[in-house]
Amino acid sequence: MPRLVTISRFLISIAFVLSGAVGASAQDRRQNAPGEFDFYVLSLSWSPSFCEAASERGNNGRGTQAQCGGRPYSFVVHGLWPQYERGFPEYCQRPSPRLARNIMTSMLDLMPAPGLIYNEWDKHGTCSGLGERAYFEAIRKARAAVKIPEEFLQLSEPKTVAPDELETAFIKANPGLSNSAISVTCDSKRLSEVRICLSKDLQFRSCEEIDRRACRRDQVLMPPVRGG
């Protein structure tokens, strides 16, 4: 009898391993395959928060200097990220095709640091299934599809806001955007990003997993725009 129990346990463990391998294989067929994803997340970073946090950490690198110099940035594009319904691909081509410098410089009005642009192409753009020019054109179109609420365009004083209030302002300014298609992220005290989910053809769409990762604080601080 003990021997039968041992054999039974062995067979169960083999079946478990095989089922895990099949599951991993099924995932791997899609995992990090360029163009194989469900939707995009457009991530809009509140630049004053980034700069304030970088200053507190003593981070004065070239990327920080590019974004946190004299120009008064407010919301800037962090990226346009391909997503699965659960999880996301990244670094879908290794090494990634080298991004042309003229494309990088053409995006500095929306993404104010060369290092950020290169990184977004390597990590996310290579997963889009688009060529470099088409991917950054998609970023520009996605950003153009989202209207920033007027009260956040020229923030001259620090503002404390509830994440729900911020979401509501974006929903009001953008017909078709719902509260299931937007989330707000934060650090320990400051607004970090507003993330908006878009279909592959850049229409607003719901994204429950992104919404679940939202900021849970009652209030967040929005530092003012530099020079405001």
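Me: Which residues of helix α6 are called buried?
Reply: They are Tyr135, Phe136, Ala138, Ile139, Ala142 and Arg143. Buried stands for under 20% relative accessible area, exposed for over 50%, and partly exposed for what lies in between (1.4 Å probe, protein chains only). Before we go on: this is a predicted model, where local features need pLDDT of at least 70 and side-chain atom pairs count only at pLDDT 80 or more, while totals for chains, interfaces and linings use all residues. Residues are numbered from 1 along each chain as its sequence is written, and side-chain values use heavy atoms, leaving out hydrogens and water.

Me: What makes the buried residues of α6 line one face of the helix?
Reply: Seen down the axis of α6, they fall within an arc of 145°, so they line one face. The arc is taken from the directions that run from the helix axis to the C-beta atoms. On the other side of α6, Lys141 and Ala144 are exposed.

Me: Why is Lys141 called exposed?
Reply: Its relative accessible area is 56%, and the cut-off is over 50%, so the word fits. Lys141 is 60 residues from Asp201 in sequence, yet the two are 9.9 Å apart in space, C-alpha to C-alpha.

Me: How do you know that the reach of α6 is close to what is expected?
Reply: Helix α6 covers residues 132-144, which is 13 residues, and spans 19 Å from its first C-alpha to its last. The expected span is 1.5 Å times one less than the number of residues, and for α6 that comes to 18 Å. Helices here are DSSP runs of H or I with at least four residues, and strands are runs of E with at least two, numbered from the N terminus. The protein has eight helices and six strands.

Me: What do the buried residues of α6 pack against?
Reply: They pack against β1, β2, α4, α5 and β5; contact means heavy atoms within 4.5 Å. In α5, the buried residues are Leu116, Ile117, Glu120 and Trp121. Their arc down the axis of α5 is 130°, so they too line one face. These residues of α5 pack against β2, α4 and α6.

Me: Why does Glu120 count as having no salt bridge?
Reply: A salt bridge needs a side-chain nitrogen of Lys or Arg within 4 Å of a carboxyl oxygen of Asp or Glu. For charge, Lys and Arg count as positive, Asp and Glu as negative, and His and the chain ends are not counted. The nearest side chain of opposite charge to buried Glu120 is Lys123, at 6.7 Å, so the 4 Å limit is not met.

Me: What makes the pair of Glu120 and Trp81 a polar contact?
Reply: Their side chains come to 2.8 Å. A polar contact is a pair of N or O atoms within 3.5 Å; within protein, one must be able to donate a hydrogen and the other to accept it, and residues adjacent in sequence count only if both atoms are side-chain atoms.

Me: How do you know that Arg205 forms a salt bridge with Glu85?
Reply: The closest N and O atoms are 2.9 Å apart, which is within the 4 Å limit. This pair links distant parts of the chain, with Arg205 in the loop between β5 and α8 and Glu85 in the loop between β2 and α4, 120 residues apart. Arg205 is partly exposed, at 22% relative accessibility, and so is Glu85, at 43%.

Me: Why is Arg190 called buried?
Reply: Arg190 has 3% relative accessibility, under the 20% cut-off, so it counts as buried. Arg190 also forms a salt bridge with Asp187, with closest N and O atoms 3.3 Å apart. Both belong to a network of salt bridges that also includes Glu52, Glu56 and Lys189.

Me: What makes Tyr91 and the bond between Arg94 and Pro95 worth a look?
Reply: Most residues other than glycine have a negative phi, and most peptide bonds are trans. Tyr91 is not a glycine, yet has a positive phi of about 50°. Arg94 and Pro95 are joined by a cis peptide bond, with omega about -5°. Tyr91 is in the loop between β2 and α4, and Pro95 is found there as well.
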